[in-house]
Amino acid sequence: MILVTGGAGFIGSNFILDWFAHHGEPVVNLDKLTYAGNVRSLASLAGDERHVFVRGDIGDVDAVGALLSEHRPRAIVNFAAETHVDRSIHGPAAFIDTNVVGTFSLLECVRGWWAALPARERDAFRFLHVSTDEVYGSLGPDDPAFSETTPFAPNSPYAASKASSDHVVRAYHHTYGLPTLTTNCSNNYGPRQFPEKLIPLMIVNALGGKPLPVYGDGRNVRDWLYVKDHCAAIRRVLEIGRVGEVYNVGGDAERENIHVVKTICALLDERRPLADGRKRDALISHVKDRPGHDRRYAIDASKIKRDLGWRQSESFESGLARTIDWYLDHQDWVQRVLDGSYRMERLGHREPA
Ligand SMILES: NC(=O)c1ccc[n+]([C@@H]2O[C@H](COP(=O)([O-])OP(=O)(O)OC[C@H]3O[C@@H](n4cnc5c(N)ncnc54)[C@H](O)[C@@H]3O)[C@@H](O)[C@H]2O)c1
């Protein structure tokens, strides 16, 4: 079996569903259920014995040690993190606690347990750390895309905390021989993303006829990766990635934020026209820019394509249309996030508040 951390979050939940669509292999899912964890995203797995959900913190040495001894995972995929740049600006401490200290604590636990495994299990074991392109900093309009050898230059507390965790993962491979793999991917989008991030926020607000706040001039560029393509990349890296290596994963889909928002407006106008006939792009309002806002990210994914044969299957346009359709079809999921009731839910049962 494999141990997935942060599996109730956006990418983690998509990864677990995608995993079961391809494997029968069980998953233990360790998630602290911060505001970003939503077990409703995994509701289709209620009663499925392949999925064991454990509420807990990657920084809890006793809980992680007990899970490792009980389940003896052949691999760990580490998604658990604080992930929202704006939150990292207003409250960086949680980002240091989970992304830096938590990842260190998890690695330290895993190292002790892994070192005592029989040689065959030790060699076959993998620790896959999921990270971000934000560790590389910001690009000018004509700079080449980030490659795996681009020096780190993180600009937000979030990016700095992820860069730190990447360094610790690297050190555990080089110093102790822990069989690690690291992926640095671009902005993901798709089903089950918490509506504080650009794409789901704009979909939810535009559906409700609410203002669409766009930072600054809206011309910041991100490279967009459909979450299912990211999940396929992680499966591939886990299966045949070279131990100790870093793989960049991107969607070859650089778009300005304002273009993303206008495309969402146009797709929603087609599917659900506003009753008063207004076009939704009239809801766009430019707001004061985020401090230290990186201008452009772009990923050079040629290494994972060449060495591991991975390719993205969605274009930005097809992925965005799928995403919008998912949100339209899952208004109950959105409603429970908006009214906060998702935090009361547990897999298969409810816990008292
Ligand atoms: N979303 C993106 O566009 C993107 C892009 C690049 C990299 N990443 C990375 O991918 C990973 C997953 O991102 P996401 O968007 O799914 O994040 P998310 O915020 O949606 O989910 C994070 C999950 O981790 C859990 N968690 C937080 N702290 C924890 C802790 N101490 N112990 C256990 N669980 C904890 C949360 O409850 C939540 O379920 C992160 O490491 C992130 O840095 C995300």
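**Figure 1. Leu3 stands opposite Val28 of strand E2 in this predicted model.** Leu3 belongs to strand E1, which comprises residues 2–5. Strand E1 is joined by four bridges to strand E2 (residues 27–31), and the two run parallel. Together with helix H1 (residues 10–22), E1 and E2 make a right-handed β-α-β unit.

**Figure 2. Strand E1 also pairs with strand E4, where Val4 stands opposite Val77.** Strand E4 covers residues 75–78 and runs parallel to E1, with four bridges joining the two. Both faces of E1 are covered. Ile2 and Val4 are buried on one side, and Leu3 and Thr5 are buried on the other.

**Figure 3. Asn29 is a buried residue of strand E2.** Its relative accessible area is 0%, and Asn29 therefore falls in the buried class. When neighbours within four places in sequence are left aside, the contacts of Asn29 include Val4, Gly6, Gly7 and Ala8. Ile16 and Leu42 are also among the residues in contact with Asn29. The list further includes His51, Val52, Phe53 and Val54.

**Figure 4. Arg72 adopts a positive phi in the loop between helix H2 and strand E4.** The phi angle of Arg72 is about 45°, although this residue is not a glycine. Helix H2 spans residues 61–71. Arg72 has a relative accessible area of 42% and so counts as partly exposed.

**Figure 5. Asp252 has a positive phi in the loop between strands E10 and E11.** Phi is near 50° in Asp252, a residue other than glycine. The loop lies between E10 (246–249) and E11 (254–256). With a relative accessible area of 48%, Asp252 is classed as partly exposed.

**Figure 6. Arg290 is buried although it lies in a loop.** The loop that holds Arg290 connects strand E12 (284–287) with helix H10 (302–308). The relative accessibility of Arg290 is 16%; because the buried class takes in values under 20%, Arg290 counts as buried. Apart from neighbours within four places in sequence, Arg290 is in contact with Val85, Asp86, Ile89 and Tyr215.

**Figure 7. The side chain of Ser341 makes a polar contact with the side chain of Asp339.** The distance of this contact is 2.6 Å. Ser341 is located in the loop between helix H12 (331–338) and strand E13 (345–346). The C-alpha atoms of Ser341 and Leu267 are separated by 29 Å, and these two residues are 74 residues apart along the chain.

**Figure 8. The whole chain, shown as context for the close-up views, has 12 helices and 14 strands.** The radius of gyration of the chain is 20 Å, which agrees with the value near 20 Å that a compact globule of 353 residues would have. Along its principal axes, the C-alpha trace spans about 70 × 50 × 40 Å. Of the 353 residues, 54% count as buried. Among contacts with a separation of 6 or more, 81% are accounted for by residues 24 or more positions apart. The accessible surface of the chain comes to about 15000 Å², and 51% of this surface belongs to carbon and sulfur atoms.

Key:
Residues numbered from 1 in each chain as written. Predicted model: local features only at pLDDT ≥ 70, side-chain atom pairs only at ≥ 80, totals over all residues. Heavy atoms only, no water. Buried < 20%, exposed > 50% of the residue type's maximum accessible area, 1.4 Å probe, protein only. Contact = heavy atoms within 4.5 Å. Polar contact = N/O pair within 3.5 Å; in protein donor to acceptor, adjacent residues only side chain to side chain. Pairing = 2+ DSSP bridges. Right-handed = clockwise from strand over helix to strand, strands pointing away. Rg over C-alpha atoms; globule rule 2.2 N^0.38 Å. Areas by Shrake-Rupley, 256 points an atom, 1.4 Å probe, with all protein chains shown as cover.
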